[in-house]
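User: Please take a close look at one part of this model, the open sheet and what surrounds it. I would like one connected account rather than a list.

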Amino acid sequence: MLRPSSVEILAPAGTYEAVEAAVRCGANAVYLGGKSLNARRNAGNFSAQELKEAVEYCHARNVNVYLTLNTLATDKELKNDVQLALREACEAGIDALIVQDLGVARLAKKCVPTMPLHASTQMSVHTLSGVKELAGMGFARAVLSRELSINEIEAITKASPIEIEIFVHGALCMCVSGQCLMSAMLGSRSANRGLCAQPCRLPFAAENGTGNDLSLKDLSAVDYLEKLKEIGVKSFKIEGRMKRPEYVAAAVTACKNALEGKEDIELKNHLKGVFSRSGFTHGYLTNELGRDMFGIRSKDDVLSAKPALKELAHLYEKETPLVGVSFMFCAYEGETASLSAKANGKSVFVEGDVVAEPAKNVPLSEEKIRLQLEKCGGTQFFAEEIEVDVDENISLPLSSINALRRSALDELYKKLKEPYTHSFRYENVENPVKKVNNPCVFAYFSTLEQVKAAGKNVEKILVPFKIAAKTLDLFPEKTVACLPRVFFGRDEEIFAKLTELKAKGLKKVSCSTLDAVNIARRTGIPFMMGCGSNVFNYQSVLQYRELGAEEILLSPELTLMQASALGGDRLGLITYGKLPLMITRNCPVKNGKACADCGSKSVLTDRMGISFPVICGEGYSQVLNSRPIYMADRERETAFAAFYLLYFTTETPEECESIISAYENKKEPEGEFTRGLYYRGVE
């Protein structure tokens with residue numbers, strides 16, 4: 001059971017020492033991962049026994065513990081690893097689970113129905129619409145995307161039916177969390193599977209840019225915590241499960257100081273020193289996007305860490321009195337003394353072994369009793385209230401009062417660390433595979449010119465929201481309007497425009513996130529799940545079907561073997577296209593040129609000289625892969641799918657026609673291409 005607090009400082013912990021650092025410096029909660037199935041698989045992380053010990057330590061100090069199961073899971077992992085992790089979470093007494101995969105969430109609700117669920121920032125939820133969809137699915141908290149402004153956050157918190165958590169310190173990904181395929185495509189290390197290799201921190205240069213135009217400075221919103229608390233944010237999350245305990249201690253202390261109105265310039269300098277990338281930014285919160293948000297980990301940044309570490313280690317070297325105790329001491333002539341102690345709803349009662357006798361000289365005073373009971377030093381306890389009921393003119397050795405205090409606190413500690421109980425039951429997650437073997441072709445066209453040239457040759461025409469009305473005029477039965485991948489603060493505007501399209505005859509919508517799903521459901525337009533929906537297992541297929549999705553596009557991070565095992569019942573594959581590797585709110589091209597000079601035809605160039613196209617629209621940018629997936633000649637291996645999606649972005653109308661013809665004729669590839677991850681998969 002979660003213990004209530006007005007606001008929460010939520011600290012990362014990759015090791016047990018980091019847990020101690022977080023707790024001793026004032027964190028209200030910590031989040032940590034098991035040995036697998038979490039978004040920081042390269043952190044130290046915790047075995048089942050270590051997890052139990054960490055939870056006991058935290059609960060005895062009135063601190064919550066959240067377990068991260070925030071990666072995409074395969075069907076095999078759902079059957080074994082996920083359910084084992086859920087059982088271990090129950091046994092350890094975890095307070096809540098942080099999840100990304102809707103399949104994992106669906107399974108958790110069946111296996112551990114009483115366990116609270118928090119929606120990871122990897123779910124890409126960034127609007128009130130998405131938060132409401134989470135609430136309807138039983139989530140207790142949403143961790144919002146990091147790209148939101150204070151005003152956009154406030155619009156969510158003031159009407160949210162569930163708790164809202166945001167990141168306030170730590171690394172900033174260039175891509176919206178949960179929408180990044182760069183590490184996976186370039187090296188098979190998936191950001192959605194907890195093994196991001198951070199290729200974005202390497203040189204990717206825009207024309208006249210910084211040279212590292214995908215690397216943002218770290219976030220620090222410490223100076224905005226009071227404002228964020230005022231607008232209703234419940235939890236302030238610190239990024240950094242790969243970081244040292246000193247970093248955790250500094251970040252937690254800085255947040256605590258900010259909420260208490262304390263200013264500590266030296267600590268802030270140490271926080272910058274222990275880890276930053278050319279300093280900090282708060283750009284998204286205040287809408288100050290642009291070149292100043294970018295930075296790298298320089299040699300000076302590394303050198304400044306050593307002296308900071310020595311100072312910061314002192315922040316957590318000793319136990320901190322965190323738990324207030326109410327004592328009731330009783331002593332009567334001819335009887336042994338007793339002491340009751342209460343904290344956090346738990347109470348204990350202990351009796352001494354020394355009988356109170358009539359005083360021969362100075363009687364035992366209430367003041368002396370209080371002084372002994374206040375000596376809780378070296379423990380996590382402090383005397384919050386003390387009541388004394390003693391006979392007048394009695395005597396007891398002070399050592400017996402001290403022994404009572406120690407015994408009571410020991411017993412209270414044992415009670416406080418007892419795990420909260422959640423019952424676990426195993427679920428059968430077998431998938432009744434349905435083969436299709438007659439795929440049709442869908443195509444995503446990014447321009448109206450592409451639609452006019454090639455739209456007649458495909459079953460369904462997916463188009464950006466902004467050209468859906470004109471496409472309806474040309475192909476009223478085929479048109480599918482793709483809601484924007486992200487639409488910060490614009491959900492009601494999108495809802496209104498979609499309602500207009502429905503009146504015009506629109507029959508289907510493509511959604512990438514739960515934000516879009518909620519809007520589609522409210523309009524009553526049938527919808528499919530498209531790019532960015534991260535459908536990785538059969539349980540997530542079932543969850544989206546329960547929400548109302550018809551066709552579902554499978555994650556391009558699946559191998560063909562894994563995708564085939566899901567069956568083909570209304571499930572599709574991207575079989576052509578330059579995959580969007582990143583969805584960014586801060587356009588990297590703007591570091592070197594204005595939008596008017598770009599025309600959505602710019603590129604980023606990596607250190608090998610390879611160019612990655614950048615296209616923009618609907619308030620965000622997309623960094624595309626340098627070469628397209630091509631699978632026209634692999635029909636035998638992909639025929640299990642219900643539909644193929646050809647994803648056209650920078651292609652000319654003539655190229656679109658040619659590629660569709662190639663798929664009709666199963667042609668061998670020409671020029672540069674990739675098979676994506678369909679054979680090599682992801683770690």
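Analyst: What follows starts with the sheet, moves to the pocket beside its strands, and then turns to other parts of the chain.

The model is predicted. The sheet is open and has five strands, in the order 8-26-27-28-25. Their pairing is antiparallel. Strand 8 (204–205) and strand 25 (580–584) stand at the edges. Each has a single partner strand, so one side of each is left without a neighbour in the sheet.

Begin at the strand 8 edge. Strand 8 pairs with strand 26 in the antiparallel sense, over two bridges. Alanine 205 has threonine 605, in strand 26, as its bridge partner.

Strand 26 covers residues 602–606, and its side chains alternate. Ser602, Leu604 and Asp606 point to one face and are buried. Val603 and Thr605 point to the other face and are not buried. Thr605, the bridge partner of alanine 205, is therefore on the face whose side chains are not buried, by the cut-off of under 20% relative accessible area.

Next comes the link from strand 26 to strand 27. These two strands pair in the antiparallel sense over four bridges. Leucine 604 has phenylalanine 612, in strand 27, as its bridge partner. Leu604 is also among the buried side chains of strand 26. The two strands form a hairpin with four residues between them. Glycine 609 sits in the turn, with a positive phi of about 85°.

Strand 27 (residues 611–617) then pairs with strand 28 (residues 620–624). The sense is again antiparallel, and four bridges join the two. Here isoleucine 615 is matched with glutamine 622 of strand 28.

That bridge pair leads to the second largest pocket. Ile615 and Gln622 are among the lining residues that lie nearest its centre. Tyr444, Ser446 and Pro464 are listed with them. The lining has 35 residues, and the pocket holds about 600 Å³ of space. Strand 27 gives the largest share of the lining, three residues. Strand 28 supplies at least two. So much for the sheet strands; other elements take part as well. Helix 16 (448–454), strand 19 (460–464), strand 21 (509–511) and strand 30 (643–647) each supply at least two residues. By type, the lining divides into 16 nonpolar, 13 polar and six charged residues.

Strand 21 leads on to helix 19 (residues 514–523). Strand 21 is one of the elements that the buried residues of helix 19 pack against. The others are helix 4 (102–111), helix 5 (128–136), helix 18 (491–504), strand 22 (527–529) and helix 20 (538–547). Eight of the ten residues of helix 19 are buried, so the helix is largely enclosed by the rest of the structure. The buried residues are Leu514, Asp515, Ala516, Val517, Asn518, Ile519, Ala520 and Thr523. Glycine 524 follows the helix, and its phi is positive, near 85°.

Now the nonpolar cores. The largest has 206 residues. Within it, Leu32, Leu97, Leu228 and Phe445 touch the most other members. Helix 9 (residues 245–259) gives the most to this core, with ten residues. A second, separate core has 28 residues, including Ala331, Leu364, Ile369 and Leu412. Back in the largest core, take leucine 228. Beyond its neighbours within four places in sequence, leucine 228 is in contact with Ile150, Ile153, Ile166, Val168, Val233 and Phe236.

Three single residues round off the view. Leucine 309 is in helix 13 (residues 305–312). Leucine 309 is buried, at 18% relative accessible area. Leaving aside neighbours within four places, its contacts are Arg244, Glu246 and Val274. Leucine 309 and alanine 356 are 47 residues apart in sequence, and their C-alpha atoms are 52 Å apart.

Leucine 371 lies in helix 14 (residues 366–373). Its relative accessible area is 44%, and leucine 371 is partly exposed. Tyrosine 644 is 273 residues away from leucine 371 in sequence and 77 Å away in space, C-alpha to C-alpha.

Alanine 383 belongs to strand 16 (residues 381–390). At 25% relative accessibility, alanine 383 also counts as partly exposed. Its C-alpha is separated from that of leucine 373 by 7.0 Å, with the two residues ten apart along the chain. Leu373 is also a contact of alanine 383, together with Val325, Phe327, Glu374 and Cys376, leaving aside neighbours within four places in sequence.

Notes: Residues numbered from 1 in each chain as written. Predicted model: local features only at pLDDT ≥ 70, side-chain atom pairs only at ≥ 80, totals over all residues. Heavy atoms only, no water. Pairing = 2+ DSSP bridges. Core = buried A, V, L, I, M, F, W, Y, C linked by side-chain atoms within 4.5 Å. Buried < 20%, exposed > 50% of the residue type's maximum accessible area, 1.4 Å probe, protein only. Contact = heavy atoms within 4.5 Å. 1 Å grid on protein atoms, 1.4 Å probe; cavity = no way out; pocket = protein on both sides within 12 Å on 5 of 7 lines; lining within 4 Å. Points joined across faces, edges and corners; volume = space filled by probe spheres on them. Nonpolar A, V, L, I, M, F, W, Y, C, P; charged D, E, K, R; others polar.
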